[in-house]
Amino acid sequence: LQDRITKASEVKFTGQTTPNAVVTYQNINGKDPSIVTTADPTGNYTLTTPLDTGSNTFKVTTKDAFGQTITGQIAPVTRSDNAPPAVG
């Protein structure tokens, strides 16, 4: 996403965490339910989440097999009908 602005109604996130950890993305600006996935045995994960029109800020939480959690926010993704075309 150029400048984290898109016309798309959903976005795919990929990342890496502790192997087999549960990963939750919650749009703190939106009304959509949280999206939950489990990292693979090497710690990689991919998930797709809907975007509301305007700014979408996601709280990301990971929880490993020992019950330890890490929570943070990622930079907002903006959904706009006036977004420039995707490059690449």
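Two strands count as paired if DSSP finds at least two bridges between them. Strands themselves are DSSP runs (E, at least two residues), and helices are runs too (H or I, at least four), numbered from the N terminus. Keep both in mind for the exercises.

The model is predicted, so to speak of a local feature takes pLDDT of at least 70 and side-chain atom pairs count only at pLDDT 80 or more, while totals for chains, interfaces and linings use all residues. Residues are numbered from 1 along each chain as its sequence is written, and side-chain values use heavy atoms, with hydrogens and water left out.

**Exercise 1. Find out which secondary structure the chain has, and how its strands are grouped into sheets.**

Step 1. Count the elements: the protein chain has zero helices and nine strands.

Step 2. Look for the sheet with four strands. It is open, with the order β4-β3-β7-β8 and antiparallel pairing. The edge strands here are β4 (35-38) and β8 (69-73), each pairing on one side only. On average, neighbouring strands of this sheet are turned by 15 degrees against each other, direction ignored (axes are lines fitted to C-alpha atoms, for helices over the stretch in contact, and angles run from 0 to 180 degrees between N-to-C directions).

Step 3. Now the sheet with three strands. This one is open too, in the order β1-β9-β6, and its pairing is mixed. β1 (5-6) and β6 (54-56) each have a single partner strand, so one side of each is left without a neighbour in the sheet.

Step 4. Zoom in on one pair there: three bridges join β6 to β9 (residues 77-79), and the two run antiparallel. Within that pair, S55 sits opposite T78 of β9.

A bit of background: strands of a sheet pair through backbone hydrogen bonds, either parallel or antiparallel.

**Exercise 2. Work out how strand β3 is held on its two sides, and where its side chains point.**

Step 1. Start with β7. Six bridges join β3 (residues 22-27) to β7, and these strands run antiparallel. Y25 has V60 as its bridge partner in β7, and N27 stands opposite F58 of β7.

Step 2. Turn to β4. Four bridges join β3 to β4, again running antiparallel. Here Y25 stands opposite I35.

Step 3. Follow the side chains. V23, Y25 and N27 point to one face and are buried, while V22, T24 and Q26 point to the other and are not. Buried means under 20% relative accessible area, exposed over 50%, and partly exposed in between (1.4 Å probe, protein chains only).

Step 4. Link that to the general rule: in a regular strand the side chains alternate between the two faces of the sheet.

**Exercise 3. Identify the residues of the largest nonpolar core and the aromatic rings that pair up.**

Step 1. List the core. It has 11 residues: V11, F13, V23, Y25, A39, Y45, L47, L51, F58, V60 and V77. A nonpolar core is a set of buried Ala, Val, Leu, Ile, Met, Phe, Trp, Tyr and Cys residues joined through side-chain atoms within 4.5 Å.

Step 2. See where the members come from: β2, β3, β5 and β7 each supply at least two residues of this core.

Step 3. Search for ring pairs. The whole structure has four aromatic pairs. Rings of Phe, Tyr and Trp (its six-membered ring) pair if their centres lie within 6.5 Å; planes under 30 degrees apart count as stacked, over 60 as edge-to-face and the rest as tilted.

Step 4. Take one pair, F13 and F58: the centres are 5.4 Å apart with 70 degrees between the planes, which is edge-to-face. F13 is in strand β2 (residues 10-16) and F58 in β7 (residues 58-63), 45 residues apart, and the pair links distant parts of the chain. Both F13 and F58 are buried.

Step 5. Join the rings up: ring pairs link F13, Y25, Y45 and F58 into a cluster.

**Exercise 4. Compare the surroundings of T49 and A39.**

Step 1. Place them. T49 is in strand β5 (residues 44-50), and A39 lies in the loop between β4 and β5.

Step 2. Check burial. T49 has a relative accessible area of 3%, so T49 is buried. A39 is buried as well, with a relative accessible area of 3%.

Step 3. List contacts (heavy atoms within 4.5 Å), leaving out residues up to four places away in sequence. T49 touches E10, V11, F13, I35 and F58. A39 is in contact with T17, T18, N20, A21, N44 and Y45.

Step 4. Finish with the spacing: the C-alpha atoms of A39 and T49 are separated by 16 Å, with their positions 10 residues apart along the chain.

Terms used:
Contact means heavy atoms within 4.5 Å.
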